[in-house]
Amino acid sequence: MEIKRRDLPAPARPVPAYAIRATPAFIVFAAVRGAFGGRPRYVLSGINRGPNTGRAVLHSGTVAAAMTAAGYGLAAVAFSLDVHENTGRPEWETAAAVAAEVLPVLPNVPRSEEHTSELQSHHDI
């Protein structure tokens, strides 16, 4: 497994970022075990293109990452993006705005080894 350090653009530049070729759930598994430094406080998965609704949620790597994190007692959120029904194009800005409203809630999501919680957000755009 190869892990590469990546630099993020401002204003996220000080946040450590890494690239790894693996499934989202495996990346969370590796992070919980210290592959990227200390244990993460939160897991943010997505924004991915695809609605991840109904039965499709069972096959979503984005949702699997959040569920894996929750299983380890971490606050987690999975963001998915459907396409606009009139234009057929994804509305990334709207999805990012929804994410920006959800992220401040993460510190308040209850979590422990005995009680895990998952916060999943899906927004049809």
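## A walk from the core to the surface

In this predicted model, the largest nonpolar core is built from ten residues: Val28, Val32, Val43, Val63, Ala65, Ala66, Ala69, Leu74, Ala76 and Ala78. Three elements each supply at least two residues of this core, namely helix H1 (24–32), helix H2 (61–71) and strand E4 (75–81). The largest share, four residues, comes from H2. If you keep looking, you will find another core lying apart from this one; that core has eight residues, including Val77, Phe79, Ala99 and Val102.

Let us stay with the ten-residue core for a moment and pick out Leu74. Leu74 sits in the loop between H2 and E4. Is Leu74 buried or exposed? Its relative accessibility is 4%, and because buried means under 20%, Leu74 counts as buried. Leu74 also shows how this core brings distant parts of the chain together: Leu74 and Val32 are 42 residues apart in sequence, while their C-alpha atoms are 9.1 Å apart in space.

From the core we can turn to open space. The largest pocket has a volume of about 1,000 Å³. Its lining is made up of 27 residues, and those closest to the pocket centre are Val15, Pro16, Tyr42, Val43 and Leu44. Val43 is a name you have met already, as a member of the largest nonpolar core. Which elements give two or more residues to the lining of the largest pocket? They are strand E2 (17–20), H1 and strand E3 (42–49). Of these, E3 gives the most to the lining, with six residues. As for chemical character, the lining of the largest pocket divides into 21 nonpolar, four polar and two charged residues.

Strand E3 deserves another look, since it also holds Ser45. Ser45 has a relative accessible area of 6%, so this serine is buried. What does the side chain of Ser45 reach? It reaches the backbone oxygen of Thr62, at 2.8 Å. A second serine has a contact with Thr62 too: the side chain of Ser60 reaches the backbone nitrogen of Thr62 at 3.2 Å. Ser60 lies in the loop between E3 and H2, and it is buried, with a relative accessible area of 6%. Taken together, the backbone oxygen of Thr62 is reached by Ser45, and the backbone nitrogen of Thr62 by Ser60.

The backbone itself has some points worth checking on your screen. Within E3 you will find Ile47, and the peptide bond leading from Gly46 to Ile47 is cis, with omega near 15°. Another cis peptide bond joins Ala10 and Pro11, where omega is about 5°. Pro11 belongs to the loop between strand E1 (3–6) and E2.

Finally, we come to charge. Side chains of opposite charge can pair when their charged atoms come close. How many salt bridges does the count come to? The count is one, and the partners are Glu2 and Lys4, whose side chains meet at 3.8 Å, N to O. That distance qualifies because the cut-off for a salt bridge is within 4 Å. Glu2 has 54% relative accessibility and so counts as exposed, whereas Lys4 is partly exposed, with a relative accessible area of 38%.

Notes
Residues numbered from 1 in each chain as written. Predicted model: local features only at pLDDT ≥ 70, side-chain atom pairs only at ≥ 80, totals over all residues. Heavy atoms only, no water. Core = buried A, V, L, I, M, F, W, Y, C linked by side-chain atoms within 4.5 Å. Buried < 20%, exposed > 50% of the residue type's maximum accessible area, 1.4 Å probe, protein only. 1 Å grid on protein atoms, 1.4 Å probe; cavity = no way out; pocket = protein on both sides within 12 Å on 5 of 7 lines; lining within 4 Å. Points joined across faces, edges and corners; volume = space filled by probe spheres on them. Nonpolar A, V, L, I, M, F, W, Y, C, P; charged D, E, K, R; others polar. Polar contact = N/O pair within 3.5 Å; in protein donor to acceptor, adjacent residues only side chain to side chain.
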